[in-house]
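Reader: I am new to this structure and would like a close look at a single part of it. Please take the part where a metal is held, and then place it among its surroundings.

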Amino acid sequence: MIFTDDTEDALRAAVWLVNSAEDPDTLNDVDDEAAFLRDFPYTGRLDRDQAEVASLRALRPRLRSMLLASRDEMAAHVNEALAEVRLTPRLLRHDGADWHLHTVTDDHPLDERVLLETAMALIDVIRADEGSRLSVCEDDTCLAIALDLSRNRSKRYCSTTCANRNAVAAYRARRAAG
Ligand SMILES: [Zn+2]
Ligand SMILES: [Zn+2]
């Protein structure tokens, strides 16, 4: 484990949202949102309506900028996010999750809480100087974010689909050359 569970979960959730904007878009309606919430079970206020979906969609470009920023720019993004709402930090333990920090109360809109959780996770990334774990997928045709939480820093693609496609291409290139 590179970061704590809650930090890694928050990073995965943010990357999922950003990558959902890649063609074909996978966050269009409440069913798509339900799929997101199954993988990333947010507690607190969940409207599960089209307005909430729209707010998450609107957040994606900002999350992308935050996640792919240089270290100093990332810190600026985090400070901006933290300054936007009145924070009421509290340590909680609930639903099987060990002690972790909630920065605002549960009644804040989901997009706001996703933004803040991403900011909190990026604090760990910045402090550990581990920003290189977030990058654009190495596939030439893919702009999704690759999140590398492996110990040996071996993950360069956003998904197994991209990894396999490139493994096959590399194999063909080697055969053609040999
Ligand atoms: Zn929680
Ligand atoms: Zn990719």
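Author: Helices here are DSSP runs (H or I, at least four residues) and strands are DSSP runs (E, at least two), numbered from the N terminus. What you are looking at is a predicted model, in which local features need pLDDT of at least 70 and side-chain atom pairs count only at pLDDT 80 or more, while totals for chains, interfaces and linings use all residues. Residues are numbered from 1 along each chain as its sequence is written, chains are lettered from A and ligands numbered from 1 in the order in which they are written, and side-chain values use heavy atoms, with hydrogens and water left out.

The part to look at closely is the site of the zinc ion (ligand 2), which is coordinated by the SG atoms of Cys 137, Cys 142, Cys 158 and Cys 162 at 2.3 to 2.4 Å; donors are N, O and S atoms within 2.8 Å of the metal (3.2 Å for Na, K and Ca), and sites may look incomplete, since water is not among the atoms. The angles among the four donor atoms of the zinc ion (ligand 2) run from 105 to 116°, and the site is tetrahedral, a word used when all angles of four donors lie between 85 and 135 degrees. Along the chain, the donors of this zinc ion (ligand 2) follow the spacing C-x4-C-x15-C-x3-C.

One of these donors, Cys 162, counts as buried because its relative accessibility is 4%, where buried means under 20% relative accessible area, exposed over 50% and partly exposed in between (1.4 Å probe, protein chains only). Thr 161, which belongs to helix α6 (residues 160–177), is by contrast exposed, with a relative accessible area of 51%. Measuring from C-alpha to C-alpha, Thr 161 is 25 Å from Leu 59 in space, and the two are 102 residues apart in sequence.

Turning to the surroundings, the zinc ion (ligand 1) has as its protein donors the NE2 atoms of His 94, His 100 and His 102, which lie 2.0 to 2.1 Å from it, and these donor residues are spaced H-x5-H-x1-H in sequence. His 102 is buried, as its relative accessible area is 11%.

Among the helices, α4 (residues 71–84) and α5 (residues 110–127) pack at an angle of about 145° with their axes 9 Å apart; axes are lines fitted to C-alpha atoms, for helices over the stretch in contact, and angles run from 0 to 180 degrees between N-to-C directions. The contact (heavy atoms within 4.5 Å) includes Met 74, Val 78 and Leu 82 of α4, as well as Leu 116, Ile 123 and Ile 126 of α5. Thr 7, in helix α1 (residues 5–19), is buried at 4% relative accessibility, and, leaving aside its neighbours within four places in sequence, Thr 7 is in contact with Ala 121 and Asp 124.

The loops hold a few backbone details as well. The peptide bond from Asp 23 to Pro 24 is cis, with omega near 0°, and Pro 24 is found in the loop between α1 and α2 (30–39). Arg 48, in the loop between α2 and α3 (50–68), has a positive phi of about 50° although it is not a glycine, and Arg 48 is partly exposed, with a relative accessible area of 45%. Asp 129, likewise a residue other than glycine, has a positive phi near 55° and lies in the loop between α5 and β3 (134–136).

Key. Tetrahedral: all angles 85-135°; square planar, octahedral: opposite > 155°, others 65-115°.
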